[in-house]
Amino acid sequence: MVNLKGIFEKLINTRTTLFQDKKVLLDETYIPENLLHRETEAKKLASILAVALRGETPSNILIYGKSGAEKTAVAKVIADELVKTGKKMGREISVVYLDCQIFNTEYRVFAKLANQFGGRVPFTGWPMEKVYNTFKELADKKKQYILVILDQIDKVFFDRDHRKEIKHLLYLLTRINSEFKNTKLSLIGISPDLRFVKYLNLKVQSSLGREEIEFLPYNEEQLKDILKQRAESAFKEGVSDESTISLCAKLTAQDGDARKAIDLLKIAGEIAEIECSDKITDSHIKKAEEKIRRNKINGTILPMLIQKKLVLYSALLLEENRITTGELYQKYKELARALSLDILTIRRISDFIFELEMSDILSCKVISLGRYGRTKEIKLEMNPLEIKRVLEEDEGILNFPSFLF
DNA sequence: CTTCCACGGGAACACTGGGGTG
DNA sequence: CACCCCAGTGTTCCCGTGGAAG
């Protein structure tokens with residue numbers, strides 16, 4: 001038996017950390033002072049919002065571009081500046097930032113807004129009308145400009161059940177201006193999904209996209225600059241070098257996603273630390289890449305409802321053939337029956353298929369088989385073995401009667 | 001031109017859980 | 001405390017629609 005006394009002290013004292021200031025790599029919370037390669041976008045955003053300082057109402061703005069293009073960071077920084085400048089000029093400006101993944105219903109958005117201005121709206125229970133009016137009255141008490149940032153609005157939109165609601169929410173938020181006497185309000189919507197933008201332009205005559213700003217993905221060189229900037233303050237001297245940075249940039253250049261690039265660097269650093277290396281090597285980065293991939297699969301598949309997992313499992317079992325919705329539904333029914341679960345209707349299943357498509361696990365194409373009707377051609381987008389591995393961690397599925405296969 | 005099958009929007013329903021009122 | 005009101009969630013039911021093979 002090893003002497004375990006003081007095991008933690010030993011761990012802490014013997015392992016030297018490679019990090020100098022790790023929070024620089026935590027992309028969620030850390031915003032650097034210089035946002036590299038985003039000058040154009042930042043300037044454009046600022047120029048639209050600037051009219052608020054003259055007491056006018058800025059147009060509503062739609063910001064779009066792939067994830068990791070620093071849309072949120074730029075919007076936050078600019079909004080901050082706006083508030084600061086407003087203070088100097090004696091203008092009351094408030095910014096409300098809402099992550100629509102959390103505030104994903106009308107009620108929650110307006111409750112949050114009302115509470116931001118001193119309201120005491122409970123998180124459930126009140127009629128919508130009352131919540132809306134509470135916000136309206138509180139916000140309208142004094143002369144001010146309110147900028148509402150709706151981050152990730154596509155997430156709400158592409159969750160089917162919320163589509164109607166997001167339309168109505170946008171309607172309410174844009175209409176509220178005409179009900180204010182003193183206050184002015186405008187919106188910034190942020191979406192990484194171009195389909196949302198398209199839809200908005202096509203069908204909804206919403207004023208959300210009055211002004212649009214596109215954030216292009218970073219190229220490899222730009223990613224290098226960004227990584228270099230972060231690495232300098234995040235790591236101790238000599239931990240990362242030119243080749244570390246280059247490889248990280250190269251591996252993530254395809255998406256142009258700064259968040260992914262930074263995350264890769266961070267995890268590579270952690271792995272290097274665990275392996276007691278004094279610098280990050282290419283093999284650490286490769287391992288980090290693998291780890292990220294695994295985490296992503298675990299994170300999306302594990303928490304799914306059993307019913308949804310079953311749909312995915314059905315797709316997995318049919319993988320060899322060309323899968324249509326009808327075939328998949330037959331397979332699903334078989335499985336559900338074998339597990340004596342409720343058998344859901346095909347309508348519901350097609351919603352699950354849609355959701356799986358939204359999380360990039362499946363890809364679908366609507367095709368017409370002429371005489372044989374119209375259907376969806378479904379394809380798996382992830383390594384079947386990996387999906388299988390994760391799915392089978394669910395005991396329910398593990399206990400499948402083996403005759404099914 | 002017909003036919004067929006699933007697409008996908010929307011209404012309705014059941015159930016849960018919290019708020020407000022007398 | 002009993003009772004009703006309300007929003008949220010997961011689901012079913014209903015139905016008009018698309019588009020190429022036959």
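**View 1. Strand 6 and strand 8 pair in a predicted model.** Begin with a small piece of this predicted model: two bridges hold strand 6 and strand 8 together in the antiparallel sense. Look for Thr 324, which has Glu 377 of strand 8 standing opposite. Both strands belong to an open sheet of three strands, with antiparallel pairing and the order 6-8-7. At the edges of this sheet are strand 6 (323–324) and strand 7, and each of them pairs on one side only.

**View 2. Strand 7 and strand 8 form a hairpin.** Here strand 7 (residues 362–368) runs antiparallel to strand 8, and seven bridges join the two. A handy landmark is Cys 364, which stands opposite Ile 378 of strand 8. Follow the chain through the turn and you pass five residues between the strands. Which residue of this hairpin takes a positive phi? Gly 370 does, with a value near 50°. Keep Gly 370 in mind for a later view, as a polar backbone atom of Gly 370 is 3.2 Å from a base nitrogen of DNA strand C.

**View 3. DNA strand B meets the protein surface.** There are 19 residues around DNA strand B, and those that come nearest are Trp 126, Thr 325, Arg 347, Arg 371 and Arg 374. Of the atoms of DNA strand B that come within 4 Å of the protein, 73% are accounted for by sugar and phosphate. Sorted by class, the residues of this surface are seven charged, eight polar and four nonpolar.

**View 4. Three side chains make polar contacts with DNA strand B.** Zoom in on Thr 325, where an N or O atom of the side chain is 2.3 Å from a phosphate oxygen of DNA strand B. Lys 376 also faces a phosphate oxygen of this DNA strand, with a polar side-chain atom 3.1 Å away. What does the side chain of Arg 371 meet on DNA strand B? A polar side-chain atom of Arg 371 lies 2.5 Å from a sugar or linking oxygen. If you prefer to navigate by elements, those giving two or more residues to the surface near DNA strand B are helix 7 (160–179), helix 14 (325–338), helix 15 (346–358) and strand 8 (374–380).

**View 5. DNA strand C has its own set of neighbours.** Around DNA strand C there are 22 residues, of which Thr 105, Tyr 107, Met 128, Thr 345 and Arg 374 come nearest. Arg 374 is also listed among the residues that come nearest to DNA strand B. Within 4 Å of the protein, 76% of the atoms of DNA strand C belong to sugar or phosphate, and the rest belong to bases. By class, this surface has seven charged, six polar and nine nonpolar residues.

**View 6. Backbone and side-chain atoms reach DNA strand C.** At Met 128, a backbone N or O atom lies 2.7 Å from a phosphate oxygen of DNA strand C. Ser 368 offers a polar side-chain atom, 3.4 Å from a sugar or linking oxygen. Back at Gly 370, the partner is a base nitrogen of DNA strand C, 3.2 Å from a polar backbone atom. Helix 4, helix 7 and helix 15 are the elements that give two or more residues to the surface near DNA strand C.

**View 7. A parallel sheet of five strands.** This open sheet has the strand order 2-3-4-1-5, with parallel pairing. Why is one side of strand 2 (93–99) and of strand 5 (211–214) left without a neighbour in the sheet? These strands stand at the edges, so each has a single partner strand. On average, neighbouring strands of the sheet are turned by 15° against each other, direction ignored. Strand 2 runs parallel to strand 3 (residues 145–151), joined by seven bridges. To find the register, start at Ile 93, whose bridge partner in strand 3 is Tyr 145.

**View 8. Two helices pack on the parallel sheet.** Helix 2 (residues 39–49) packs on the sheet and touches strand 1 (61–64), strand 3, strand 4 (184–191) and strand 5. The direction of helix 2 makes about 165° with that of strand 5. Helix 4 (residues 106–116) also packs on the sheet, touching strand 2 and strand 3, and the direction of helix 4 makes about 145° with that of strand 2.

Definitions and conventions:
Residues numbered from 1 in each chain as written. Chains lettered and ligands numbered in written order. Predicted model: local features only at pLDDT ≥ 70, side-chain atom pairs only at ≥ 80, totals over all residues. Heavy atoms only, no water. Pairing = 2+ DSSP bridges. Helix = DSSP H or I, 4+ residues; strand = E, 2+ residues; numbered from the N terminus. Axes fitted to C-alpha atoms, helices over the stretch in contact; angles between N-to-C directions. Contact = heavy atoms within 4.5 Å. Near = heavy atom within 4 Å. Polar contact = N/O pair within 3.5 Å; in protein donor to acceptor, adjacent residues only side chain to side chain. Nonpolar A, V, L, I, M, F, W, Y, C, P; charged D, E, K, R; others polar.
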